[in-house]
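Welcome, and thanks for taking a look at this one. Below is a short tour, best read with the viewer open beside the text.

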Amino acid sequence: MLRPVPDTDGAPFWEYAAQGELRVQACAACGELRFPPRPCCPHCQSFESAWRPMSGRGRVWSYVVAHPPLLPDYAARAPYDVVVVELAEAPRIRLVGNLVAGAGEPLGSLPPESVRIGARVRAVFHDGLVQWVPERP
């Protein structure tokens, strides 16, 4: 399976994820949240930043269901979903991941036809990665 390759700016995101925390880079000067992480604020051009904790709640903004042919390691897991989630407290920030039945559950643990745009989800963490699970009413 492919693993993230953190760069200097994004490394803290993955370090927090490994600790079970969802954090997003924020400008320390103007407070604007930004993702993907980068060295300079696109709003005020400050180079100062901090990492703000997020609730981990969001909504499915978009998704795709992957079917073979895929990379060999993924083909046996297909079909599975890949979701784009907009964060509840920062709707302009969208993260990509998989919708699963629970933390550590495999790709495809939820039927692809159950994924819906607008569905409420929350972040869970497994093996240093962010996954998404449906919010229960």
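## Salt bridges

A search of the whole structure, which is a predicted model, turns up 5 salt bridges. A good place to start is the pair made by glutamate 21 and arginine 23, whose closest N and O atoms are 2.7 Å apart. Glutamate 21 is partly exposed, its relative accessible area being 26%. Arginine 23, on the other hand, has 18% relative accessibility and counts as buried, because the cut-off for buried is under 20%.

Next comes the salt bridge between arginine 92 and glutamate 32, with 2.0 Å between the closest N and O atoms. What does this pair tie together? Arginine 92 sits in strand 6, while glutamate 32 belongs to the loop between strand 1 and strand 2, so the pair links parts that are 60 residues apart in sequence. Arginine 92 counts as exposed, at 61% relative accessibility, whereas glutamate 32 is partly exposed, at 22%.

## A small network

Arginine 122 and glutamate 135 also meet through their side chains in a salt bridge, at 3.6 Å from N to O. Arginine 122 lies in strand 7 and glutamate 135 in the segment after strand 8, so this pair ties together parts that are 13 residues apart in sequence. Arginine 122 counts as partly exposed, with 35% relative accessibility, and glutamate 135 counts as partly exposed too, with 25%. Which residues are joined into one network by salt bridges that share partners? They are Arg57, Arg122 and Glu135.

## The open sheet

Now for the strands. Three of them form an open sheet in the order 2-1-3, and the pairing is antiparallel. Its edge strands are strand 2 (33-34) and strand 3 (49-53), each of which pairs on one side only. Strands of a sheet pair through backbone hydrogen bonds, in either a parallel or an antiparallel way.

Strand 1, covering residues 23-27, pairs with strand 2 in the antiparallel sense over 2 bridges. If you would like a specific spot to inspect, glutamine 25 has arginine 34 in strand 2 as its bridge partner.

## Tryptophan 51 and its surroundings

Strand 3 is also where tryptophan 51 is found. Is tryptophan 51 buried or exposed? With a relative accessibility of 14%, tryptophan 51 counts as buried, because buried means under 20% relative accessible area.

Leaving aside residues up to four places away in sequence, tryptophan 51 touches Asp9, Pro12, Phe13, Tyr16, Arg23, Val24, Gln25 and Pro37. Two of these names have come up already: Arg23 takes part in the salt bridge with glutamate 21, and Gln25 is the bridge partner of arginine 34. As for proline 12, the C-alpha atoms of tryptophan 51 and proline 12 are 7.9 Å apart in space, although the two residues are 39 apart in sequence.

## Helix 1

Proline 12 leads us to helix 1, whose buried residues are Ala11, Pro12, Phe13 and Ala17. What do these buried residues pack against? Their partners are strand 1, strand 3, strand 7 (120-126) and strand 8. Just after helix 1, glycine 20 takes a positive phi of about 80°.

## A hairpin

Strand 5 is joined to strand 6 by a hairpin through 2 residues. The two strands pair in the antiparallel sense over 5 bridges. Within this pairing, valine 84 has valine 96 of strand 6 as its bridge partner. Strand 6 is also the home of arginine 92, from the salt bridge with glutamate 32.

## The largest pocket

Several of these elements come together in the lining of the largest pocket, which has a volume of about 770 Å³. Helix 1 (11-18), strand 5 (80-87), strand 6 (90-97) and strand 8 (129-134) each supply at least two residues of that lining. Which strand gives the most? Strand 6 does, with 4 residues.

In total, 25 residues line the largest pocket, and Leu2, Gly97, Asn98, Leu129 and Val130 lie nearest its centre. By residue type, the lining divides into 15 nonpolar, 5 polar and 5 charged residues.

Key: Residues numbered from 1 in each chain as written. Predicted model: local features only at pLDDT ≥ 70, side-chain atom pairs only at ≥ 80, totals over all residues. Heavy atoms only, no water. 1 Å grid on protein atoms, 1.4 Å probe; cavity = no way out; pocket = protein on both sides within 12 Å on 5 of 7 lines; lining within 4 Å. Points joined across faces, edges and corners; volume = space filled by probe spheres on them. Nonpolar A, V, L, I, M, F, W, Y, C, P; charged D, E, K, R; others polar. Pairing = 2+ DSSP bridges. Buried < 20%, exposed > 50% of the residue type's maximum accessible area, 1.4 Å probe, protein only. Contact = heavy atoms within 4.5 Å. Salt bridge = Lys/Arg side-chain N within 4 Å of Asp/Glu carboxyl O.
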